[in-house]
Amino acid sequence: MMEFVSSGASDPTVTVLAWSTAAALTAILGVVPRLVFGRLSPTLLGAGNALAAGLMLGVAYLLLVEGLPDGIVLGAVGGLCGAGIVILTHALTGTTELDLNALDELDPAYGYQVVLVNALHAAGEGVAIGVAMLVSLPFGISMAVALAVHNVPEAMVLIEILTARGVRLAHAGALAAVANLNQVLLAVVTFAVIGALPSLMPWAVGFAVGALLQLLLSELLPESYRQTGHTSIAVVTLLAMGLVIALLGGAA
């Protein structure tokens, strides 16, 4: 664990900044399905959410396996804290029961709330990137790439909601990327703080995994099930998770 810090890299913080920024900006690619297919059907949006869920589940699994070889109790406490922070932030912002399928919702507050939900979602992913970078450089980069791919279908759903409310496609793509910028901040801060306090590494791994799983269970999968059939969602989610584990499992 934390071999990267002593691996000889000249400035690891720049590496964290560069890869987390690249992951955040890939959200812009969420405009591509809209350009190709026009307005997306609920079934396609559900498949996008299921793909994002599977990729996130794969990331959480690998982070748990590679980042938590010991310190199980501290990791479990971190997991509860991560899930609790997600629940608390959604409660404080009034977004706990926000329906992300309301494409025709005209309430002016709805658009802001949807962007806010995506920003809160990105925060947990930033912590995961920062922690993974501390496990090892290749592992951290692999996690950033997996979350970058995850950001595309996730942004696709946000862009569909924004464009349905009259936001121009280019502006919606830009907003999807901006909503992810706290992912960059959290990745760098996590890398710096936990790098300086390595005894907290098990807690940080648990925190990141707990936050990711809470987002997965409270947002992505419920939205997927509302948008399309349960069997197809399960298949897409499991295939995406398996792909992440198969391709990135040896990166650490």
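Let me begin with Pro138, which is found in helix 6, the helix that runs over residues 137–164. I should say at once that what we are looking at is a predicted model. At 44% relative accessibility, Pro138 counts as partly exposed, because that value lies between the 20% below which a residue is called buried and the 50% above which a residue is called exposed. If you look for Ala22, you will find that Pro138 and Ala22 are 116 residues apart in sequence, while their C-alpha atoms are 15 Å apart in space.

Staying with helix 6, I would like to turn to its neighbour, helix 7, which covers residues 169–178. The axes of these two helices come within 9 Å and cross at roughly 135°, and helix 6 and helix 7 are therefore described as oblique to each other. The handedness of the crossing between helix 6 and helix 7 is right-handed.

Now compare that with another pair, helix 3, residues 42–67, and helix 9, residues 201–227, which pack at an angle of about 160° with their axes 9 Å apart. Because an angle over 145 degrees counts as roughly antiparallel, that is the description that applies to helix 3 and helix 9. Their crossing is left-handed, and the residues of the contact between helix 3 and helix 9 divide into 20 nonpolar, 6 polar and 1 charged.

Helix 3 also holds Gly67, and here the accessibility is 0%, so Gly67 counts as buried. Along the chain, Gly67 and Thr93 are 26 residues apart, and their C-alpha atoms are separated by 31 Å.

A glycine in another helix gives us a second distance to look at, namely Gly242, whose place is in helix 10, residues 230–248. Gly242 has 32% relative accessibility and therefore counts as partly exposed. Gly242 and Gly58 are 184 residues apart along the chain, and yet the separation of their C-alpha atoms is 6.8 Å.

Next, helix 5, which runs over residues 108–135. How far apart should the ends of its 28 residues be, at 1.5 Å a residue? The expected span is 40 Å, and the end C-alpha atoms of helix 5 are 43 Å apart in the model, which agrees. As for its surroundings, 21 of the 28 residues of helix 5 are buried, so this helix is largely enclosed by the rest of the structure. One residue to pick out is Ala119, which sits in helix 5 and, at 17% relative accessibility, counts as buried because the value falls under the 20% limit. Ala119 and Val167 are 48 residues apart in sequence and 18 Å apart in space, again from C-alpha to C-alpha.

Finally, a word on the annotation. The UniProt record, an unreviewed entry, carries the annotation "transmembrane region" for residues 12–32, 44–64, 71–92, 127–149, 169–194, 200–221 and 233–251. I have looked at two of these spans in the model. Over residues 71–92 the chain is 95% helix and 0% strand, with its end C-alpha atoms 31 Å apart. The span of residues 127–149 is 96% helix and 0% strand, but here the end C-alpha atoms lie 17 Å apart. When you look at that second span, please keep in mind where the helices are placed, with helix 5 covering residues 108–135 and helix 6 covering residues 137–164.

Methods. Residues numbered from 1 in each chain as written. Predicted model: local features only at pLDDT ≥ 70, side-chain atom pairs only at ≥ 80, totals over all residues. Heavy atoms only, no water. Helix = DSSP H or I, 4+ residues; strand = E, 2+ residues; numbered from the N terminus. Buried < 20%, exposed > 50% of the residue type's maximum accessible area, 1.4 Å probe, protein only. Axes fitted to C-alpha atoms, helices over the stretch in contact; angles between N-to-C directions. Parallel < 35°, antiparallel > 145°, perpendicular 65-115°, else oblique. Left-handed = near helix turned anticlockwise from the far one by under 90°. Nonpolar A, V, L, I, M, F, W, Y, C, P; charged D, E, K, R; others polar. UniProt positions renumbered as here; feature names shortened; annotations may be inferred. Expected span 1.5 Å × (residues − 1).
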